[in-house]
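Q: I am new to this structure and would like a close look at a single part, namely its charged side chains and what lies around them. Could you take me through that part slowly?

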Amino acid sequence: METMQPTRWEGEDVTGWLLSAKVDGIRARWTGKGFVSRGGKALPNLPHLAQSSTVLDGELSAGSLSKTLAALGKNGDKSALAFHSFDAPFSAAPFSERCKAVSMAFILCRDMDHFGDFVEECLAGGFEGVVAHHPGNGYGEGVSRSLLKHKPFIDSEAVCVGVTS
């Protein structure tokens with residue numbers, strides 16, 4: 001199954017949506033046995049990050065993309081990595097239920113002032129922005145308008161095509 005991808009937040013009202021911090025790292029999926037990249041490539045063995053048998057979607061991070069890539073490198077410090085799970089893609093439940101099985105914390109957006117305050121709080125905490133999840137959405141493959149990311153700076157997307165051990 002392909003991962004669900006967020007679209008860029010363009011000012012939509014996300015009152016009533018669930019918000020989480022946007023972690024800076026690489027998209028990864030825990031398969032129940034190991035980690036794979038968004039493109040399906042096997043990632044190095046990371047026994048200290050072993051999860052449950054539930055397939056989880058998330059972000060591998062060592063604090064920033066450059067630190068994450070360095071940690072995943074041949075001589076990298078794998079212990080610097082953390083897995084921030086944010087969805088359970090094979091569950092048929094709506095997101096408001098699926099999010100209970102993951103490690104990321106979510107808050108309910110009370111209004112757009114609250115959204116702005118949460119963005120500022122996340123940026124001050126070292127995160128790269130915020131992700132808004134529609135509470136009733138199912139997990140779908142590809143780009144979704146029920147999953148919005150807001151990063152107050154312009155960046156580019158990249159796909160991990162492999163890691164050399």
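A: A convenient place to start is Asp111, which sits in the loop that runs between β7 (107–108) and α3 (112–124); helices (DSSP runs of H or I, at least four residues) and strands (runs of E, at least two) are numbered from the N terminus. This is a predicted model, in which local features need pLDDT of at least 70 and side-chain atom pairs count only at pLDDT 80 or more, while totals for chains, interfaces and linings use all residues. Residues are numbered from 1 along each chain as its sequence is written, and side-chain values use heavy atoms, with hydrogens and water left out.

With a relative accessible area of 36%, Asp111 is partly exposed, that is, between buried (under 20%) and exposed (over 50%), using a 1.4 Å probe and the protein chains only. Asp111 belongs to a surface patch of negative charge, where it gathers with Asp13, Asp113, Asp117, Glu120 and Glu121. Such a patch joins like charges within 9 Å, and takes residues that have over 30% relative accessible area and no salt bridge. Asp and Glu count as negative and Lys and Arg as positive, leaving out His and the chain ends; each charge is placed at CG of Asp, CD of Glu, NZ of Lys or CZ of Arg.

From this patch we can turn to the charges that are paired. The structure holds six salt bridges, each being a side-chain nitrogen of Lys or Arg within 4 Å of a carboxyl oxygen of Asp or Glu. In one of them the side chains of Arg27 and Asp57 meet, with N and O 2.6 Å apart. Because Arg27 lies in strand β3 and Asp57 in strand β5, this pair ties together parts of the chain that are 30 residues apart in sequence. Both Arg27 and Asp57 are buried.

A second salt bridge joins Lys100 to Glu97, whose closest N and O atoms are 3.2 Å apart. Here Lys100 counts as exposed, at 62% relative accessibility, whereas Glu97 counts as partly exposed, at 42%.

In a third pair the side chains of Glu128 and Lys151 meet at 3.9 Å, N to O. This pair links distant parts of the chain, 23 residues apart, since Glu128 is in the loop between α3 and β8 and Lys151 is in the segment after β9 (142–150). Glu128 is buried, with a relative accessible area of 9%, and Lys151 is buried too, with 7%. Both residues also belong, together with Lys22, to a network of salt bridges.

The nonpolar interior completes the setting. In soluble globular proteins, nonpolar side chains tend to be buried together. The largest nonpolar core of this model has 36 residues, and those with the most contacts inside it are Val14, Leu19, Phe35, Leu60, Phe83, Phe106 and Phe115; such a core is a set of buried Ala, Val, Leu, Ile, Met, Phe, Trp, Tyr and Cys residues joined through side-chain atoms within 4.5 Å. Two or more residues of this core come from each of β2 (18–22), β3 (26–30), β5 (56–61), α1 (65–72), β6 (82–87), α3 and β8 (129–133). It is α3 that gives the most, with four residues.

Strand β4 (residues 35–37) contains Phe35, which is buried at a relative accessible area of 4%. Although 22 residues separate Phe35 and Asp57 along the chain, their C-alpha atoms are 9.7 Å apart, which leads back to the partner of Arg27 in its salt bridge.

Other buried residues show how parts of the chain are placed in space. Ser85, in strand β6, counts as buried at 1% relative accessibility, and its C-alpha atom is 6.4 Å from that of Glu59, 26 residues away along the chain. Leu18, in strand β2, counts as buried at 13%; the C-alpha atoms of Leu18 and Leu147 are separated by 9.8 Å, with their positions 129 residues apart along the chain. Finally, Pro89 is found in the loop between β6 and α2 (95–98) and counts as buried at 3% relative accessibility, while Pro89 and Gly140, 51 residues apart in sequence, are 8.0 Å apart in space, C-alpha to C-alpha.

Conventions
Patches are made of residues with over 30% relative accessible area and no salt bridge: like charges are joined within 9 Å, nonpolar side chains (Val, Leu, Ile, Met, Phe, Trp, Tyr) within 5 Å. Accessible areas come from the Shrake-Rupley method with a 1.4 Å probe; for residues, only the protein chains shown count as cover.
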